[in-house]
Amino acid sequence: RFQQLSKEGSFRGKTFDLGTFKRYYLKSYPEIADLIFFAFDVDGNKKISLEEFACGISHCTRGTKKEKYMFIFSMFDKNRDKKISKKEYESAIHSSFFAENGNESSKERKERIKKSVDDAFSKYDKDNNGCLTIKEFLEWAETSPEVQRLFKLFSKMDNDLTKSSESGAVSMINVTHDTHVGVSKSGSLMVDNLPPSWVSLFKEAGATEKELEDPEIVVMLMGIVAERISSGKQLSSGDLSETLSELSMGSDSELSASESATSLTDISKEAMSESTSSLTDAKQPISESTSSLASRELVSESASSLTDAK
């Protein structure tokens, strides 16, 4: 699962950010997603590395009871000063995730938070300094309904975060995806954040790992996809296979980077003028509809970024 997230979350495929994490997990409770990501992000650089991902899962889903308690402590301790203030506590339990039925009015939320804060600090803040130390927090966790709710969530996350889907790709329902194309300082093309579904399509067409590491080839393939879809034609991996075969034979039909950029720009102008076009329908699953393969990341980002950079 880390490999799937990191391929989408960073150019080098070694980390993923909060936005990538929240696209797929805890979409109903974004505040909880923020807390969990924060606890995973041990070094505080707003990115999750493989080591942080593995340690986070180990502690929150498969650790001992105390390790899980300490993971929750990390979720609450926003300034990382090894104690939980009332403000941090209130912020941590603000989400309606902690409501009995998962839903509540503003008034009910305010009352729930006040009661929880009063109970926690009156019983466990032994020195009355307005903060819970690690020791006091661990005592609170033993009887906390909030902790029990998080434990149930962690059990579900164990499956979600470690088990790959049958297709080997993360489900992409209701996701927008920005792919960036540009030119480096040395003058070479760069392609960042290519969706896994595109990679799968290109591989089905016969593209090798080495070819997919070549930005010029990737941009050319993106141009072919956009051209097919903007013309209303059905797309299959076979549409790309011929081009890839020609590449391997050194055919003169290979598009240059500038030609690909021009093609993408022309397609962009056409597609953007069609308000009902599926090219801008970011709500369609990338993996379910070929039309979404030319969604806004290709039309508005890839083409314009490449053209501007050139």
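**Note on the predicted model**

1. Arg149 is partly exposed, with a relative accessible area of 26%. That value falls between the cut-offs of under 20% for buried and over 50% for exposed, and therefore the residue belongs to neither of those classes. The model is a predicted one, and every value in this note is computed from it. Arg149 sits in helix α9. Leaving out residues up to four places away in sequence, Arg149 touches Phe97, Phe98, Ala99 and Glu100. One of these, Phe98, is 51 residues from Arg149 along the chain, yet the C-alpha atoms of the two are separated by 7.0 Å.

2. For the overall picture, the protein has 310 residues, and 45% of them are buried. Its secondary structure consists of 15 helices and 6 strands. Among contacts with a separation of 6 or more, 61% join residues 24 or more positions apart; the pair Arg149 and Phe98, 51 residues apart along the chain, shows how such distant stretches can come together in space. The accessible surface amounts to about 16400 Å², and carbon and sulfur atoms account for 48% of this surface.

3. The largest nonpolar core holds 46 residues. Which of its members touch the most others? They are Ile36, Ile72, Met75, Phe76, Tyr89, Trp140 and Phe154. Ile72 shows part of this packing: beyond its neighbours within four places in sequence, it is in contact with Phe137, Val147, Leu150, Phe151 and Phe154. In soluble globular proteins, nonpolar side chains tend to be buried together. A second core, separate from the largest, has 10 residues, including Phe202, Val218, Leu221 and Met222.

4. Helix α3 (residues 30-40) makes the largest contribution to the 46-residue core, with 7 residues. Is α3 largely enclosed or largely open? The helix has 11 residues and 8 of them are buried, so the rest of the structure largely encloses it. The buried residues of α3 are Ile32, Ala33, Leu35, Ile36, Phe37, Phe38, Ala39 and Phe40. In an α-helix there are 3.6 residues a turn, so residues three or four places apart point the same way. In α3 the buried positions include the unbroken run from Leu35 to Phe40.

5. Two other residues can be placed relative to α3. Cys55 belongs to helix α4 (residues 50-60) and is partly exposed, at 35% relative accessible area. Cys55 lies 15 residues from Phe40 in sequence and 7.7 Å from it in space, C-alpha to C-alpha. Asp17, in strand β1 (residues 15-17), is also partly exposed, at 30% relative accessibility. Residues up to four places away aside, Asp17 touches Gly9, Phe37 and Lys46. Asp17 and Asn45 are 28 residues apart along the chain, with 9.4 Å between their C-alpha atoms.

6. Two backbone angles deserve a check by eye. Most residues other than glycine have a negative phi. Lys46, however, has a positive phi near 65 degrees. Lys46 lies in the loop between α3 and β2 (47-49), and its relative accessible area of 64% makes it exposed. Asn128 likewise has a positive phi, near 55 degrees. Its place is in the loop between α7 and β4 (131-133). Is Asn128 buried or exposed? At 65% relative accessibility, Asn128 is exposed, because the cut-off for that class is over 50%.

7. The second largest pocket has a volume of about 480 Å³. Its lining takes in 21 residues, and those nearest the centre of the pocket are Arg112, Lys115, Ser116, Pro145 and Glu146. The elements giving two or more residues to this lining are α7 (106-124) and α9 (145-162). Which of the elements gives the most? That is α7, with 8 residues. The other helix, α9, is where Arg149 of the opening point is found.

8. By class, the lining of this second largest pocket comprises 9 charged, 7 nonpolar and 5 polar residues. The residues nearest its centre include the charged Arg112, Lys115 and Glu146, the polar Ser116 and the nonpolar Pro145.

How values were computed: Residues numbered from 1 in each chain as written. Predicted model: local features only at pLDDT ≥ 70, side-chain atom pairs only at ≥ 80, totals over all residues. Heavy atoms only, no water. 1 Å grid on protein atoms, 1.4 Å probe; cavity = no way out; pocket = protein on both sides within 12 Å on 5 of 7 lines; lining within 4 Å. Points joined across faces, edges and corners; volume = space filled by probe spheres on them. Helix = DSSP H or I, 4+ residues; strand = E, 2+ residues; numbered from the N terminus. Buried < 20%, exposed > 50% of the residue type's maximum accessible area, 1.4 Å probe, protein only. Contact = heavy atoms within 4.5 Å. Areas by Shrake-Rupley, 256 points an atom, 1.4 Å probe, with all protein chains shown as cover. Core = buried A, V, L, I, M, F, W, Y, C linked by side-chain atoms within 4.5 Å.
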